[in-house]
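Reader: I have a protein chain to look through before I plan my reading. Could you take me through its charged residues and its backbone?

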Amino acid sequence: MAKPIILLVEDDLALLNGMCDTLDMVGYRTVTATNGREALASLREMRPDLIISDIMMPEMDGYDFHQAVSSDSDTATIPFIFLTAKSDQADVRKGLRDGVDAYLIKPFDLEDLLIHVENKLRRFATIRQEALTQLDELQQQIITMFSHELRTPLTYIQGYTDLLAGQPEVSGRDEIATFLEGIQVGSSRLNRLVENLLALVQLDTGVFRQEYDHFAVQDDVGRLVRLAANHLAPTAANKGVTIDVRVAEDLPPVSVVSTHINQVISNLLDNAIKFSRRPGAKVLVRVYQKESRLVVDVIDEGIGIAPYDARHIFDRFRQVNRAKHEQAGLGVGLAIARGLMQIHGGDIELVSKPGEGSKFAAWFPLDSPS
Ligand code: ADP
């Protein structure tokens, strides 16, 4: 295994050499600098596993050096230990506030230095390993999800096309209609997938924001909610779920891009229906004003979301128990919905209880009366 590299920054050459000898002797690789500026130059050449820096130094002191290290995303995660000549509480407090990981008060025993170094390296190695494992799992999940989402509709389309192409003369009208329906199901699923991916790109490239800046008009959110609910009523009916829409009277209009809001409400409603899981369940959609907000609540009596999962539910490519709930989709609907609400100056908030249901509250800011 490669030796861990430690960057030592200290203008007291006797102390610097002492630390170097000790650390080299027990198997670390050390790189040295005598002030912050020199240390920053070294960081452009190599990446240490740990930085130990004095505070009082000529040219660039430890605080400025730490500030430069922590504001650069390439170096911000390197553990950082300060050496300070004073046991001055103010010094220690300032460093801790700036996010320094530990302190060593001079004069210190070289044994203490070793203990600090070992502890920090071990702790950061564990954190890094955990982050890598999580990243690995997420990557694996995304690959599985993508291949499934692409393969399933393609299998539909290919299978039915092959049947049609293989036996044109024996197929009756009904049979042909069934095959064509299968092809339709497959292609609309692929279409949804492409639309969702495109929506993510439009969010990231600012296209949605430009649409908002140029095309937003004052509109009646209650009307948009009713339209989306009507559109999804057949899907709900298929699952034995009823949608109840209640719009408060005399609501002020809101500046919106109607296609964006249609997408937000449709995504929330689609999920509410999908996760209802019980025929006879009700989805309630309320539109009302609360103080300086216009709120759209989408409330279901479905499976609910555990607090841990709720924290990540708006992240991209996140689904909870995909296999267990036999979910389709890419786990991006909520990320898109939230992005669109934020462009409208609002947001989406979630309250949920596993086994009881969820409430997604999408809100718009209302202009304060002038
Ligand atoms: P997808 O587009 O794949 O449905 P979403 O971003 O819309 O993804 O939702 C992400 C995940 O959040 C879903 O896969 C599901 O696990 C969970 N979820 C969303 N809405 C609800 C809901 N109303 N009840 C329970 N779980 C939900």
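Author: A term has to be fixed before any counting: a salt bridge here is a side-chain nitrogen of Lys or Arg within 4 Å of a carboxyl oxygen of Asp or Glu. The model is a predicted one.

Reader: How many salt bridges does that rule give?

Author: The count comes to 11 salt bridges. One of the pairs is D54 with K106, whose closest N and O atoms are 3.1 Å apart. D54 belongs to strand β3, while K106 sits in the loop between β5 and α5, so this pair links distant parts of the chain, 52 residues apart.

Reader: D54 and K106, then: buried or exposed?

Author: D54 counts as buried because its relative accessibility is 3%, under the 20% cut-off for that class. K106 is buried as well, with a relative accessible area of 18%.

Reader: Which residues are linked with them in a network of salt bridges?

Author: E10 is linked with D54 and K106 in such a network.

Reader: And what about D204 and R316, how do their side chains meet?

Author: They meet in a salt bridge, with 2.8 Å from N to O. D204 lies in helix α6 (residues 173-204) and R316 in the loop between α10 (307-310) and α11 (333-343), so the pair ties together parts that are 112 residues apart in sequence. D204 counts as exposed at 53% relative accessibility, whereas R316 is partly exposed at 34%.

Reader: Which residue forms a salt bridge with R223?

Author: The partner is D219, and the closest N and O atoms of the pair are 3.0 Å apart. R223 is partly exposed, with a relative accessible area of 40%, but D219 counts as buried at 13% relative accessibility.

Reader: Changing topic to the surface: which residues form the positive patch?

Author: R192, K239, K274 and R277 form a positive surface patch. R277 is found in the loop between α9 (258-274) and β9 (282-290), and it counts as partly exposed at 41% relative accessibility.

Reader: And which residues make up a negative one?

Author: A negative surface patch is formed by D109, E111, D112 and E118. Of these, E118 is found in helix α5, and its relative accessibility of 38% makes it partly exposed.

Reader: Now the backbone. Where is there a cis peptide bond?

Author: The bond from K106 to P107 is cis, with omega near -5°. P107 is found in the loop between β5 (102-105) and α5 (110-166). K106 is also the salt-bridge partner of D54.

Reader: What is the phi of E59, and where is that residue placed?

Author: E59 has a positive phi of about 70° although it is not a glycine. Its place is in the loop between β3 (50-54) and α3 (62-70), and E59 is exposed, with a relative accessible area of 62%. D250 likewise has a positive phi, near 55°, in a residue other than glycine. D250 is found in the loop between β7 (242-247) and β8 (254-256) and counts as exposed at 75% relative accessibility.

Reader: Lastly, which elements have the lowest and the highest mean pLDDT?

Author: Helix α4 (residues 89-97) has the lowest, 74, and strand β10 (residues 293-300) the highest, 98. For the protein chain the mean pLDDT is 89, and 95% of its residues reach 70 or more.

Note on methods: Residues are numbered from 1 along each chain as its sequence is written. This is a predicted model: local features need pLDDT of at least 70, side-chain atom pairs count only at pLDDT 80 or more; totals for chains, interfaces and linings use all residues. Side-chain values use heavy atoms; hydrogens and water are left out. Patches are made of residues with over 30% relative accessible area and no salt bridge: like charges are joined within 9 Å, nonpolar side chains (Val, Leu, Ile, Met, Phe, Trp, Tyr) within 5 Å. Accessible areas come from the Shrake-Rupley method with a 1.4 Å probe; for residues, only the protein chains shown count as cover. Lys and Arg count as positive and Asp and Glu as negative; His and the chain ends are not counted. The place of a charge is taken as NZ of Lys, CZ of Arg, CG of Asp or CD of Glu. Helices (H or I, at least four residues) and strands (E, at least two) are DSSP runs, numbered from the N terminus. Buried means under 20% relative accessible area, exposed over 50%, partly exposed in between (1.4 Å probe, protein chains only). pLDDT is the predictor's confidence in each residue, from 0 to 100.
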